[in-house]
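Visitor: I have a model open and a pile of labels to go with it. Could you walk me through how such labels are earned?

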Amino acid sequence: MDGLISDTKLDILRQLHSEPLHGYGLAAELNLSHGYIYTHLGELQEAGMIEVAEERDGKKIYRLTQNGQYLVKAFDD
């Protein structure tokens with residue numbers, strides 16, 4: 001399945017599989033810039049892999065959708 005999804009997007013999905021997080025938390029966990037993370041979060045949300053679970057202190061908390069869970073499982077099995 002190489003080439004289906006970038007390593008960065010897969011890392012984001014795997015991190016969200018562990019726990020819902022906001023973009024700044026993801027950036028810190030994955031050691032990436034905020035702008036880079038938010039670009040990927042927008043693309044993953046548009047593709048239906050993640051969704052906003054809640055907003056807390058003005059920050060969107062993202063989690064995997066069922067399709068996102070399936071994709072992570074497919075790559076990790």
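**How the labels are earned**

Guide: Let's start with D57, which has a relative accessible area of 75% and is therefore called exposed. One caveat up front: this is a predicted model.

Visitor: What makes D57 count as exposed?

Guide: The cut-off for exposed is over 50% relative accessible area. D57 comes in at 75%, so the label exposed fits. As for where to look, D57 sits in the loop between β2 and β3. Its backbone is worth a glance too: D57 is not a glycine, yet its phi is positive, about 55 degrees.

Visitor: And N31, why is that one called exposed or buried?

Guide: Run the test again: over 50% is exposed, and N31 has 70%, so N31 is exposed. N31 belongs to the loop between α2 and α3. N31 also has a positive phi of about 55 degrees without being a glycine.

Visitor: Now T8. How do you know whether T8 counts as buried or exposed?

Guide: Buried means under 20% relative accessible area. T8 has 16%, so T8 counts as buried. T8 is part of helix α1. Leaving out residues up to four places away in sequence, T8 touches L32, Y36 and H40. For the chain as a whole, 35% of the 77 residues count as buried.

Visitor: What makes a set of residues a nonpolar core?

Guide: The residues must be buried, come from a list of nonpolar types, and be joined through side-chain atoms within 4.5 Å. The largest set that passes here has 18 residues, and L13, L16 and I50 have the most contacts inside it. Two or more residues of this core come from each of α1 (7-18), α2 (23-30), α3 (34-46), β3 (59-64) and α4 (66-76). The top contributor is α1, with four residues. As general background, nonpolar side chains tend to be buried together in soluble globular proteins.

Visitor: Which residues is L16 in contact with, leaving aside neighbours within four places in sequence?

Guide: The partners of L16 are L21, L26, I50, Y62 and L64. Two of those names come back in the sheet, where I50 stands opposite L64 in β3.

Visitor: How do you know that β2 and β3 pair?

Guide: Pairing takes at least two bridges between the strands. Six bridges join β2 to β3, and the two run antiparallel, so they count as paired under that rule.

Visitor: What makes β1 and β2 edge strands?

Guide: Each of them, β1 (21-22) and β2 (50-56), pairs on one side only. The order of this open three-stranded sheet is β1-β3-β2, with antiparallel pairing. Lying across β2 and β3 is α3, which runs at about 120 degrees to β2.

Visitor: Zooming out, how many helices and strands does the chain have?

Guide: Four helices and three strands. From the N terminus on they go α-β-α-α-β-β-α.

Visitor: And why does the radius of gyration agree with a compact globule?

Guide: For 77 residues, a compact globule would be near 11 Å; the chain has 12 Å, so the two agree. Along the principal axes, the C-alpha trace spans about 35 × 25 × 20 Å.

Visitor: What share of the contacts links residues 24 or more positions apart?

Guide: Taking contacts with a separation of 6 or more, such pairs account for 47%.

Notes
Residues numbered from 1 in each chain as written. Predicted model: local features only at pLDDT ≥ 70, side-chain atom pairs only at ≥ 80, totals over all residues. Heavy atoms only, no water. Buried < 20%, exposed > 50% of the residue type's maximum accessible area, 1.4 Å probe, protein only. Contact = heavy atoms within 4.5 Å. Axes fitted to C-alpha atoms, helices over the stretch in contact; angles between N-to-C directions. Rg over C-alpha atoms; globule rule 2.2 N^0.38 Å.
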